[in-house]
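Please walk me through this structure, with the terms explained as they come up. I would like to follow individual residues, the packing of helices, a sheet and the contact between chains.

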Amino acid sequence: MKVTTTALATLMALGIATAAHAEIKLGASLSASGGAAFLGDPEAKTLEMLVEELNAKGGINGEKVELVLYDDGGDPNKARTFATRLVEDDEVSAIIGGSTTGTTMSILAVAESEGIPFISLAGAIQIIDPVRQFVFKTPHTDRMACEKIFTDMQKNGITKIGMISGTDGFGASMEAQCKDVAGGYEIEIVAQETYAPQDADMTPQLTKIKSTDGVQAILNPGFGQGPAIVTRNYAQLGIDLPLYQSHGVASDGFIELAGPDAAEGVRLPGTALLIADIIEDGDPQKDVVSAYKAAYEEKYGEDVSTFGGYAHDAFKLMTGAIERAGSDDPEEIRDALEATDGLVGTTGTYTFSADDHLGLDLSAFRMLEIRDGEWVSVD
Amino acid sequence: MSANSKWVQLAVLAGIMLVLPVFFPSGYYYRVGALVYVNALSVIGLVILIGYAGQISLGHAGFAGIGAYACALAPVHLGIHPALAVLLGAVISGVLAILIGRPILRLKGYYLAVATLGFGILVSMVLSNERGLTGGPDGMAVPDLGLRQVLRGMGLKLSGGEFWYIANALVLLVAIWIALNLFHSATGRAMRALHGSETAARTVGIDVARYKLQAFVISAVYASVAGSLLALQNGFITPDVAGFMHSVEMVTMAVLGGVGSVLGATLGAAILTLLPQVLTVLADYEQLVLGLIMILVMIFLPLGLLPSIAARIRWRGV
């Protein structure tokens with residue numbers, strides 16, 4: 001039993017040690033390791049970089065910012081513990097985080113009951129619908145991705161589609177949302193298949209969709225390696241229909257994984273960050289995405305990703321709110337955050353209101369097509 | 001080990017539980033304490049299965065998942081109180097354990113490990129894929145127990161952390177009391193006998209299959225209740241609770257602390273719950289240090305922490 005007390009004593013000592021003095025404390029719980037590391041890792045790196053940048057410039061209203069960052073490994077139970085720790089022990093003024101919907105829902109409960117402003121980096125619509133007083137988020141919802149894709153399909157006269165989706169959280173959630181809104185765009189889903197995230201071959205499912213009568217296009221909600229395999233199989237089977245991917249694979253890594261030949265002609269809704277190099281001068285997002293991309297790639301020597309962009313936007317929103325609030329009181333930060341009007345981020349332009357805690361519309365998405373291994377805007 | 005020492009052990013543990021909050025600098029420590037107790041609860045179930053009866057399960061998180069989702073689903077779909085849902089989950093887990101254990105436990109060797117491995121994966125797959133019912137990998141909300149409001153009505157105001165610290169501590173004490181009683185009962189002796197040698201146990205007339213099954217069912221119920229408590233205090237649950245890694249974590253806690261000892265298992269649960277919190281200062285090296293500690297304990301203290309230390313200082317009674 002002595003060991004328990006010693007362990008606890010150590011724990012307390014560390015808890016006190018980390019509570020060193022800082023002017024403004026910003027908390028974050030991200031999935032920097034584990035299955036969702038491809039989300040959490042660029043997010044954590046982005047926050048660290050931006051805090052450093054901000055403090056080098058003198059902080060907010062002359063006060064330095066301290067970032068308290070924890071890695072929840074994608075486990076909602078851990079995320080809840082870290083959220084409690086951020087609020088009760090580190091006494092942060094605001095929280096950014098929740099790389100996945102599961103971890104977000106855990107942090108959300110703590111933030112809401114303790115009254116700490118919280119910006120989530122996860123996709124699902126239930127985070128901000130219904131609107132909760134202290135909870136905001138930066139990524140578009142799955143529903144918006146579906147709407148953007150269906151708008152493009154409608155423009156091209158497509159009315160009957162086949163859908164193949166991953167059974168992971170992202171794929172399953174987007175599949176449900178797409179089915180929900182398809183009717184509004186007069187689109188009928190005539191074939192529907194799924195695959196597990198680890199599957200190495202989707203040829204049978206694609207063959208089945210191909211042989212369904214009347215299919216005019218195929219939609220693949222999913223992220224990770226699954227969509228890349230679907231794209232490769234698609235080319236191997238010589239399917240001559242438009243292929244739509246989701247915003248979940250909006251990165252250069254996807255083109256590499258699927259191969260530029262197989263990916264030729266694939267369309268997906270992406271953010272301005274993906275086309276930072278070719279974005280037109282005069283585009284309101286031009287400066288923001290170029291600056292973030294240049295800084296991130298110089299510091300870490302790896303490609304910038306949409307997910308890091310979500311963290312970038314959350315950080316800008318939160319620090320902007322703290323600056324306007326002129327204090328580190330959570331209530332005042334929340335009020336200032338909700339009053340955000342026209343903040344230009346990498347994902348889109350945010351305008352929050354009492355009944356909209358996402359603040360983006362469909363214009364934030366850009367319809368992109370892969371041509372010769374490069375992203376091209378086709379809006 | 002006498003009946004006397006059972007009460008001594010319980011009293012010492014209750015004393016520690018009672019005194020610890022005095023040293024808590026913030027509400028966060030109640031949360032960590034509550035997690036330690038809930039993990040210890042499922043690990044003690046494993047002590048009965050692994051430590052007493054010598055059977056290994058690699059799918060106990062499956063039972064935790066059933067307990068957790070019973071609390072999330074039953075109040076919504078069956079309209080029963082969350083507290084009753086805990087019981088419902090325990091009953092379902094127990095019945096499933098009988099169905100799995102009955103054919104498997106007639107066999108010798110590690111068939112149970114393989115069968116439970118499959119069972120655990122199956123449960124987590126069902127929870128992930130039955131989106132309409134469970135919300136899929138994004139998880140679902142769990143209704144509040146409502147007991148805190150009742151206590152508030154009686155003039156006792158507790159924060160969520162404090163309430164669950166006390167509730168889990170009480171459930172854990174009862175669970176330990178049951179486990180210690182079992183240890184000294186005829187059933188417990190039979191379990192330990194078949195752990196030593198199945199052939200010898202059978203020769204002296206012990207129904208080996210029956211006692212193995214009993215141990216398995218009891219441990220399944222422990223895991224289920226732990227899962228329920230976790231779901232109720234988090235207010236939100238995802239299929240991770242039934243994941244394979246959670247099963248491995250439980251076995252690791254049991255083995256680290258000392259799989260034959262109830263208090264050792266509690267210690268193991270405490271250490272493996274606290275370490276990730278302490279090790280956040282090491283950030284990227286957290287997993288490395290955790291792995292290193294496990295390896296060192298297995299090499300130098302193969303019986304697990306508490307029994308090894310106890311043997312070294314000749315402390316009898318554990």
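B:Pro302 is exposed because its C-beta atom has 10 others within 10 Å, and the scale used here calls a residue exposed if 12 or fewer other C-beta atoms lie within 10 Å of its own, buried if there are 20 or more, and partly exposed in between, with the C-beta atoms placed from the backbone. This proline belongs to the loop between helix H14 (286–300) and helix H15 (305–312) of chain B, where helices (H or I, at least four residues) and strands (E, at least two) are DSSP runs numbered from the N terminus. Although B:Pro302 and B:Gly258 are 44 residues apart along the chain, their C-alpha atoms are separated by 8.5 Å.

The model is a predicted one, in which local features need pLDDT of at least 70 and side-chain atom pairs count only at pLDDT 80 or more, while totals for chains, interfaces and linings use all residues. Residues are numbered from 1 along each chain as its sequence is written, and chains are lettered from A and ligands numbered from 1 in the order in which they are written.

The helix that follows the loop of B:Pro302, H15(B), has an axis that comes within 7 Å of the axis of helix H13 (residues 262–278) of chain B, and the two cross at roughly 125 degrees. Such axes are lines fitted to C-alpha atoms, for helices over the stretch in contact, and the angles run from 0 to 180 degrees between N-to-C directions. The crossing makes H13(B) oblique to H15(B), since angles under 35 degrees count as roughly parallel, over 145 as roughly antiparallel, 65 to 115 as roughly perpendicular and the rest as oblique. On the side of H13(B) the contact is made by B:Leu263, B:Gly264, B:Leu267 and B:Gly268, and on the side of H15(B) by B:Leu305, B:Leu306 and B:Pro307; two residues are in contact if their C-beta atoms, placed from the backbone, lie within 7 Å. These residues divide into five nonpolar, two polar and no charged, with Ala, Val, Leu, Ile, Met, Phe, Trp, Tyr, Cys and Pro counted as nonpolar, Asp, Glu, Lys and Arg as charged, and the others, Gly among them, as polar.

Another helix pair in chain B consists of helix H2 (residues 28–52) and helix H11 (residues 208–234), whose axes come within 8 Å and cross at roughly 170 degrees. H2(B) is therefore roughly antiparallel to H11(B). The residues in this contact include B:Leu41, B:Ile48 and B:Tyr52 of H2(B), together with B:Phe216, B:Tyr222 and B:Leu229 of H11(B). By class, the contact has 17 nonpolar, four polar and no charged residues.

In chain A, five strands form an open sheet in the order E2-E1-E3-E4-E5, with parallel pairing, where two strands pair if DSSP finds at least two bridges between them. Strand E2 (65–71) and E5 stand at the edges, each with a single partner strand, so one side of each has no neighbour in the sheet. Neighbouring strands are turned by 20 degrees against each other on average, direction ignored. Within this sheet, E3(A) and E4(A) run parallel and are joined by three bridges, and A:Ile95 stands opposite A:Phe118 in E4(A). Helix H2 (residues 37–56) of chain A packs on the sheet, touching strand E1 (24–30), E2 and E3, and its direction makes about 165 degrees with that of E2(A). H3(A) also packs on the sheet and touches E1, E2 and E3 of chain A, with its direction at about 175 degrees to that of E1(A).

Two features of the backbone in chain A deserve a look. Most residues other than glycine have a negative phi, and most peptide bonds are trans. A:Glu91, in the loop between H3 and strand E3 (94–97) of chain A, has a positive phi near 50 degrees, and this residue is partly exposed, with 16 other C-beta atoms within 10 Å. The peptide bond from A:Asp129 to A:Pro130 is cis, with omega near 10 degrees, and A:Pro130 lies in the loop between strand E4 (118–120) and strand E5 (135–137) of chain A.

Finally, the contact between the chains takes 33 residues from chain A and 33 residues from chain B. On the side of chain A, H1(A) gives the largest share, ten residues.
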